[in-house]
Structure formats: structure tokens, C-alpha cells
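Visitor: Before we look, I would like to ask about the words used for a structure like this one, and to hear each answer set against its definition.

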Amino acid sequence: MQFLTMIFLNNFLGGDEMKIAGFGVEAWLNQYEKSAVYDLSQSTIESLSLAEISKLTGLTLSELFGKQKLDYGWIEGSPAFKQAVAQLYQQVEPENVLQTNGATGANYLALYALLEPGDQIVAEYPSYQQLSDIPKSFGIETVYWRLDPQNNWYPDLNRLKQLITAKTKMICLNNANNPTGTLLQRDFLNEVVELAKQVNAYVLVDEVYQPLSADASFVSIVDLYEKGISTNSLSKTYSVPGIRVGWIATNDQKITDIFRKYRDYTMICAGVLNDTLAVALLNNQAKVLARNQQIVKENAEILTNWVQREDKVELKHFPAIPFAFPKFEINGDIETFCVKLLQETGVLLVPGNRFAILNHVRLGYCTDKATLKKGLQLLSEYLLNY
Ligand SMILES: Cc1ncc(COP(=O)(O)O)c(C=O)c1O
């Protein structure tokens, strides 16, 4: 009896669950993605194979990898990598780019290196859960800046003015936002920067979903603010999540040096083969983006046409990122709907409750067209009878 009481207390008062919450979307995907027949849950634009990369870059696999010694390589990422990444920004020098294990590693590094107990952060919510729950697990006071569906999921600056205090060390944003797709405009970000400056706070922006359109309205935080930190990777825009290469970029060497110090404790390198592939893709940016812009455009059209025919689905304009966040008019909870949908049709979505939003789903539409079309057709039939 005493033993059972101890287990109970451990689970509810002192166990691991108390230290960090489960990562809603990742836990969902870990459990279900390999059993999906029509996977409409992913947030990557149809991943590239080695054969496709070889064709796209005009380099054989032997030319890419043949002479590569499998040592640790360049610890911070090769000079070619740092140079290519720096060119994605206006105000970033190659020495202020550090390679990480995906954007996941970059976000973790920024939070681990800069925050300490007693600090407070303001985190956009919902968002990629790392950006609020890692700080929370470090004992940092986490204040949520909620996105309001009535305001088309756009955050309210007046609200930020109320939330910021002298203790605010960092504002955490995700631009464009996972899951809502909210794309933050330059004027808006400039106002965030002005507020951050008043309390000398960092602004960390996870920019993995930089939209893939000619729409020039996207601006990186490092091109706006000396305490801005940009995290990004080759997982989404460049279609190679499997190489696990991301980066953290700033325009201030002092901040980068802090990251350098903490980075040595969390990783050595991302792997020489991965660096080679990352450089090959970044050096062929125009070709990769042309491929992906076409996928986004054509598949968005398929999705939009489908939505127009569906009575139970509501979806407003969404930016050129690999997923949309439609609302479903259904009875019952959205997770049960998604589990049954998978079991009965093989179609996988991500239920909105995994981001603390009810009645919405994250629908990844940048998969191959046959999967998208069949998946949407099965979803239609399922919605009709639900
Ligand atoms: C907003 C956001 N940041 C980071 C990641 C992880 O990216 P990476 O594969 O580069 O670690 C994801 C993956 O879904 C994401 O949605």
C-alpha cells in the first residue's frame, strides 16, 4: 500500500511528467506515422532522395562523397556551409552561423545558453512546443502570448505590452507559425523589437517555415534586431529532414560566442556527409526552391478546390508553407476523430488538440499528388458519414 502511494506521489508530484510535458505533435507522429497509408500529417515538402539530389545538383554520389574522410569534419559546420547560410540573410557574417542538429538543436541551444532561473519569457502560443516547454522545464517563468482565431491567429501587440516586464529575457516566436500558419509582417516585427529593446530582451524566432512564394513579406529577425536570433534548417524548405542539419544565426559575435560555449556541451558536429549534402543543396538553392515552389503551388490548389466542396471544412487563406490548419465541424473530440480516421481509412492528420486547439487539424498537403488526392477523397467520405 505504501509502495503504491509512493508511485502515485512520484507520478503526480515529483515524477518526470512534472518536469516536462509530453511533446504533443511529436508523440502523435511517433505513435502513428509509420502506420499511415495516406500520410497527410507531415510538415516537410516531399522529401528528396539521394538519387534526386544527385540529379538536381549534377553531382554523382561518388563526386559528392567519394573522397570524404569520415572524421568529425568542421565542428561548427564547414566554411562553405557557413558562407551559404550567411547569404540567406542581409546582416549575418559566416562566423555568426553555427551548425546544429536540426532547428530542434538550434532552438534548444538558444534556450539552454541564454536563460536561467529567475528569468521570464514571453512565448507565442500555440507554437512549436519546444519554445515554451523547454524554458518551463528549466524553471523559467513562461508567459503565453496567445494567438486568437478571431484575429485570424495574429498576435496582438497591445497584449504583448501587457505581458512584457523588466524580467522578460526573451520573446519566442515561430514565423511562420506551426500550426496556425501565421506569417509575421515586417512592421509588426519592428514593433516587437521596439518593445524587446525597452527591457533588453532577446527575440528568438524559429524560421523553419519561411514561406515558399515570391511573396517578399518574410523578414528574418536577425536583419531587424541586434539581439535577434534566427533558427532554421534544411528540413522543411529544402526537403531533407533526414540529414538533421540546422543552424543558429545572429548578427552579434558576443551572442554567437555564448552559443559556441554551450554548443560544445551538447554536440560535436552534424556529420561530414550531412554537411556535404547541406552545402550541395544550399549551393543549388534556386533549383531546390523552384521544385518546392511548384509542389506548394500545385498542391495548395488541390487542397483549396477540395475545401470548397466540403461543407464541414473551413479554411481561410494560408501562406506558402507545407501545411494548412483547417477547422472541422464535427461532433466529438478531434483526436478521436483522427484516430478513427487512421484506423478506418489509413489517412493520417495531426489533431489540433496536440497544439491545444480544438476542432482543427494540421493537414500536410506537400506530399506526392496521388497520396494527397486519394487521402482527401477518403477524408471526404469519412467526414460525410461522421
Ligand atoms: C516550428 C518547427 N521548428 C523546428 C522543427 C524541427 O525541425 P528540424 O527537423 O530542423 O529539427 C519543426 C518540425 O516539425 C517545427 O515545426
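Visitor: Why is N359 called partly exposed?

Guide: N359 has a relative accessible area of 29%, and buried means under 20%, exposed over 50%, and partly exposed in between, with a 1.4 Å probe and protein chains only; N359 is therefore partly exposed. This is a predicted model, in which local features need pLDDT of at least 70 and side-chain atom pairs count only at pLDDT 80 or more, while totals for chains, interfaces and linings use all residues. Residues are numbered from 1 along each chain as its sequence is written, and side-chain values use heavy atoms, with hydrogens and water left out.

Visitor: Where does N359 lie, and what is notable about its phi?

Guide: N359 is placed in the loop between β13 (350-351) and β14 (361-364), where helices (H or I, at least four residues) and strands (E, at least two) are DSSP runs numbered from the N terminus. The phi of N359 is near 65°, which is a positive value in a residue other than glycine. S239 is also not a glycine and has a positive phi of about 65°; S239 belongs to the loop between β7 (228-233) and β8 (245-249).

Visitor: What makes S239 count as buried or exposed?

Guide: The relative accessibility of S239 is 0%, so S239 counts as buried. By the same cut-offs A51, in helix α4 (residues 50-57), is exposed because its relative accessible area is 57%. Q91, in the loop between α6 and β2, is partly exposed because its value is 43%.

Visitor: Which residues does Q91 contact?

Guide: Leaving aside neighbours within four places in sequence, Q91 is in contact with V222, D223 and N251, contact meaning heavy atoms within 4.5 Å. Q91 and N251 are 160 residues apart along the chain, and their C-alpha atoms are separated by 6.1 Å.

Visitor: How do you know that the length of α12 agrees with what a helix should span?

Guide: The expected span is 1.5 Å times one less than the number of residues, so the 12 residues of α12 should span 16 Å, and the end C-alpha atoms are indeed 16 Å apart. For the 13 residues of helix α7 (residues 102-114) the expected span is 18 Å and the end C-alpha atoms are 19 Å apart, which agrees.

Visitor: What makes α12 largely enclosed by the rest of the structure?

Guide: Of its 12 residues 9 are buried, so α12 is largely enclosed; the buried ones are V272, D275, T276, L277, A278, V279, A280, L281 and L282. What covers them includes α4, α5 (61-65), α6, β2 (97-101), β8 and α13.

Visitor: Why is the crossing of α6 and α12 called left-handed?

Guide: A crossing is left-handed if the near helix is turned anticlockwise from the far one by less than a right angle, and right-handed if clockwise; α6 passes α12 in the left-handed sense. The axes of helix α6 (residues 79-86) and helix α12 (residues 272-283) come within 9 Å and cross at roughly 35°, the axes being lines fitted to C-alpha atoms, for helices over the stretch in contact, with angles from 0 to 180 degrees between N-to-C directions. A80, F81, A84 and V85 of α6 make the contact with D275, A278, V279, L282 and N283 of α12.

Visitor: What makes a set of residues a nonpolar core?

Guide: Such a core is a set of buried Ala, Val, Leu, Ile, Met, Phe, Trp, Tyr and Cys residues joined through side-chain atoms within 4.5 Å. The largest one has 95 residues, and those with the most contacts inside it are F81, L234, F259, F328, F337 and L379. Its largest share, 9 residues, comes from helix α13 (residues 285-309), and at least three residues come from each of domain 1 and domain 2. A second, separate core of 23 residues includes L163, A201, V205 and I221.

Visitor: Which stretches make up the two domains, domain 1 and domain 2?

Guide: The chain is divided into domain 1 (21-43 + 287-385) and domain 2 (67-283), with bounds from an automatic or database domain assignment. Their C-alpha centres lie 26 Å apart, and the contact takes 26 residues from domain 1 and 24 residues from domain 2.
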